[in-house]
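I opened the notebook to go through the sheet and the charged pairs. Short entries follow.

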Amino acid sequence: MTKIIGLTGGIGSGKTTIANYIKSLGVPVYIADDEAKKLLYDAVIQEELKVAFGETIFENGVLSKDKLAKIVFNNAAKLKSLNSIIHPAVKAHFEKWLENYKEEPIIVKEAAILFESGSNEDCDAVITVIAPLDDRIKRVRSRDNISQEDVLSRMNNQWTDEMRAKKSDFVIDNNDLSKTFVQVDEILKKIVNH
């Protein structure tokens, strides 16, 4: 039976870089955040978003992710509302995706809010990626072209590294990429051989 490995970490921790490295090793990887972004453009989801957040998140009929982000990352209740729309859709999509990989020894599900969404319950093991706060802020600012305040606001809506690490089977300290990849190799070997 295929082992499902959860891969998580706070914004800017480098989990997508690690996911891409794992993918390069031939392991199937599901990037939940990418799929969630695609699902935002599903007609049914968009109707639910209109009901939950109003027409103001649309510009000329097109969803403005910036406007939606400004609303949800400054209001915990609104973020919860968005997650209640998106998470069931991502979960259903993941289950369909998984059907294609039933013969694989392991697959990886990368998700920023693996624990917050309860997706960790479906995993055989969880890997958390941590990195120094300053590095994380720099990465996100350069990647998303947003202010430090916006980065911190997003971080405040996620679990802390300590909270994730306590509930994880493995923790990767991502402050030197060559050492990070060695840690990944060792962890995958343990999981496959266990």
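Entry 1, a cut-off first. I take a residue as buried when its relative accessible area is under 20%, as exposed when over 50%, and as partly exposed in between. The model is a predicted one.

Entry 2, a buried charged pair. I looked up aspartate 161 and found a relative accessible area of 14%, so aspartate 161 counts as buried. Arginine 136 is buried too, at 7%. I then checked their side chains: aspartate 161 and arginine 136 meet in a salt bridge, at 3.7 Å from N to O. What does this pair tie together? I placed aspartate 161 in helix H8 (residues 161-167) and arginine 136 in helix H6 (residues 133-144), so the salt bridge links parts that are 25 residues apart in sequence.

Entry 3, the other salt bridges. How many salt bridges does the structure hold? I have 10. Among them is a network: Lys91, Glu95 and Asp122 are joined by salt bridges that share partners. I also noted lysine 102 with glutamate 99, at 3.1 Å from N to O.

Entry 4, a pair within one helix. I found a salt bridge between lysine 50 and glutamate 47, with their closest N and O atoms 3.5 Å apart. Both residues sit in helix H3 (residues 43-53), three residues apart, which means about one helical turn separates them. I checked accessibility as well. Lysine 50 is partly exposed at 27%. Glutamate 47 is partly exposed at 46%.

Entry 5, the sheet. In what order do the strands run? I read S2-S5-S1-S6-S7, five strands in an open sheet with parallel pairing. Why is one side of S2 and of S7 left without a neighbour? Strand S2 (29-31) and strand S7 (170-173) stand at the edges, and each has a single partner strand, so one side of each stays unpaired in the sheet. I also looked up the twist: on average, neighbouring strands are turned by 20° against each other, direction ignored.

Entry 6, one strand pair. I followed strand S6 (residues 125-130) to S7 and found four bridges in the parallel sense. Here valine 129 stands opposite isoleucine 172 of S7.

Entry 7, helices on the sheet. I found helix H9 (residues 177-193) packed on the sheet, where H9 touches strand S1 (3-9), S5, S6 and S7. The direction of H9 makes about 165° with that of S7. Helix H2 (residues 32-39) lies across S2 and strand S5 (106-110). I noted that H2 runs at about 45° to S2.

Terms used:
Residues numbered from 1 in each chain as written. Predicted model: local features only at pLDDT ≥ 70, side-chain atom pairs only at ≥ 80, totals over all residues. Heavy atoms only, no water. Pairing = 2+ DSSP bridges. Helix = DSSP H or I, 4+ residues; strand = E, 2+ residues; numbered from the N terminus. Axes fitted to C-alpha atoms, helices over the stretch in contact; angles between N-to-C directions. Contact = heavy atoms within 4.5 Å. Buried < 20%, exposed > 50% of the residue type's maximum accessible area, 1.4 Å probe, protein only.
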